[in-house]
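User: I have a model on screen and want to know what backs up the terms people use for it. Take me through the reasoning.

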Amino acid sequence: MAYTLIDGNKTAKEIKLEIADKVASIIADGGKRPHLAAMLVGEDGASRTYVNAKVKDCEEVGFTSTLVRFGADVTEEELLAKVEEINNDPAIDGLIVQLPLPNHIDVVKVTNRIRPEKDVDGFHPVNVGRLALNWPTYISATPNGVMELLARYQIETAGKHCVVIGRSHIVGSPMSILMARNGQPGNATVTLTHSRTQNLKDITRMADILIVALGKPEFVTADMVKEGAVVIDVGIHRIDDASKKSGFRLLGDVKFDEVAPKTTAITPVPGGVGPMTRAALLMNTLLAAEKKVYK
Ligand code: NAD
């Protein structure tokens with residue numbers, strides 16, 4: 001079957017251009033640039049890479065960004081004091097704290113301290129509650145990126161059976177809420193599956209839309225997918241590969257080569273959900289600057 005390749009790179013690029021245009025018109029109207037602050041604790045290489053990418057994305061669309069760095073030995077009080085300072089700074093629209101944090105810092109305390117109005121990661125319980133209520137909110141980056149792909153590729157979701165694999169707080173769980181809610185995309189009949197689910201294959205084979213976020217490379221094989229399904233692969237894994245210049249290749253949670261021909265549309269890894277996750281943070285920061293969520 002010929003399938004549509006859902007191109008996250010291309011879509012993220014389009015979104016960035018749209019946001020850059022919007023920033024230009026805000027400035028032309030005498031407004032101020034949207035401003036994102038990011039806090040990074042410690043020297044973890046992956047976290048540093050992620051934060052640097054977020055700062056670069058901001059520059060690309062014309063946002064102001066502030067990177068606040070702390071050593072791994074920063075105290076919880078110092079961190080909370082900085083959060084408070086940014087909460088009260090009218091020049092800053094959005095604040096993210098890169099996770100994970102060192103063990104001596106209570107991530108719940110830090111998440112709770114960020115003002116919901118500035119919580120562009122959408123991790124604050126108030127924003128998660130608003131998501132569950134289908135109120136305006138900051139949807140966390142990965143589910144937000146997936147919803148945007150479904151919308152822009154005009155994937156019909158109403159009345160469809162959507163199966164989500166994985167129930168994490170950052171992906172599977174919000175994904176299931178969003179797909180079930182009364183909205184577009186949405187209005188699907190949702191089955192949320194997880195590590196205790198029995199007969200997983202019987203369930204996934206019933207999916208019109210299969211959203212995979214369990215964190216196991218190439219777990220979903222062709223025999224688990226219905227002919228004509230739409231498959232969204234959230235998983236991302238670095239696999240050592242001496243034949244590559246980089247020394248690794250990226251794999252998703254779906255065995256792409258054998259699954260893709262059974263689908264009508266599928267996201268690749270890399271170049272599917274990943275770039276959309278980055279674009280979604282920019283979307284939320286713009287919403288914060290325009291006061292579109294909390295009016
Ligand atoms: P997680 O480890 O927090 O959660 C995994 C979930 O999968 C759990 O709820 C667990 O119950 C379920 N699960 C585990 N084994 C299962 C099995 N055999 N059958 C059914 N369910 C099973 O993972 P996460 O943070 O949600 O991330 C999932 C994947 O998505 C990872 O590969 C991660 O790297 C990737 N990810 C990608 C992006 C992106 O931007 N593309 C963002 C976040 C996460």
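Analyst: Start with the lining of the largest cavity: eight nonpolar residues, one polar and two charged. Keep in mind that this is a predicted model.

User: Which residues make up that lining of the largest cavity?

Analyst: The lining consists of L95, I96, V97, L99, V107, V110, T111, I114, D119, D121 and F123. β4 (94-97) and α4 (107-113) each supply at least two of the lining residues.

User: Why is T111 counted as polar, and D119 and D121 as charged?

Analyst: Asp is on the charged list, so D119 and D121 go there. Thr is on neither the nonpolar nor the charged list, so T111 falls among the polar residues. That fits the split of one polar and two charged.

User: What makes this space a cavity and not a pocket?

Analyst: A 1.4 Å probe fits in a cavity but cannot get out, whereas a pocket is open. The largest cavity has a volume of about 80 Å³. The structure holds one cavity of 30 Å³ or more.

User: And what is the volume of the largest pocket?

Analyst: About 1,300 Å³ of space lies in it. Its lining counts 41 residues, and Y50, T142, I236, G274 and T277 lie nearest the centre. By class, 23 are nonpolar, twelve polar and six charged.

User: Which element gives the most to the lining of the largest pocket?

Analyst: Helix α10, with six residues. Other elements that each supply at least two include α2 (45-61), α6 (141-152), β9 (237-240) and β10 (248-251).

User: Now the ligand. How many residues surround it, and which are the closest?

Analyst: The shell holds 23 residues. R167, S168, H194, K216 and T277 are the closest. The shell divides into ten nonpolar, ten polar and three charged residues. Helix α10 (residues 273-289) gives the most to this shell, with three residues.

User: How do you know that S168 makes a polar contact with the ligand?

Analyst: The cut-off is 3.5 Å between N or O atoms. A polar side-chain atom of S168 lies 2.5 Å from a ligand oxygen. That value is within the cut-off, so the pair is a polar contact.

User: What about T277 and I236, side chain or backbone?

Analyst: T277 uses an N or O atom of its side chain, 2.8 Å from an oxygen atom of the ligand. I236 uses a backbone N or O atom, 3.2 Å from a ligand oxygen. Both distances are within 3.5 Å, so both pairs are polar contacts. As for cover, the ligand has 860 Å² of accessible area on its own, and the protein covers 72% of that.

User: Why are β1 and β11 said to pair?

Analyst: Pairing takes at least two bridges. β1 and strand β11 (residues 263-266) have two, in the parallel sense, so they pair. In one of these links, T4 has A265 in β11 as its bridge partner.

User: In what order do the strands of the sheet run, and is the sheet open or closed?

Analyst: The sheet is open, with six strands in the order β1-β11-β8-β7-β5-β6 and parallel pairing.

User: What makes β1 and β6 edge strands?

Analyst: β1 (4-5) and β6 (189-193) each pair on one side only.

User: Where are the cis peptide bonds?

Analyst: One joins Q184 and P185, with omega about -5°. P185 sits in the loop between α7 (172-180) and β6. Another runs from V269 to P270, with omega near 0°. P270 belongs to the loop between β11 and α10.

User: What is notable about phi of Q154?

Analyst: Phi is near 50°, a positive value in a residue other than glycine. Q154 lies in the loop between α6 and β5 (161-165).

Conventions: Residues numbered from 1 in each chain as written. Predicted model: local features only at pLDDT ≥ 70, side-chain atom pairs only at ≥ 80, totals over all residues. Heavy atoms only, no water. Near = heavy atom within 4 Å. Polar contact = N/O pair within 3.5 Å; in protein donor to acceptor, adjacent residues only side chain to side chain. Areas by Shrake-Rupley, 256 points an atom, 1.4 Å probe, with all protein chains shown as cover. Helix = DSSP H or I, 4+ residues; strand = E, 2+ residues; numbered from the N terminus. 1 Å grid on protein atoms, 1.4 Å probe; cavity = no way out; pocket = protein on both sides within 12 Å on 5 of 7 lines; lining within 4 Å. Points joined across faces, edges and corners; volume = space filled by probe spheres on them.
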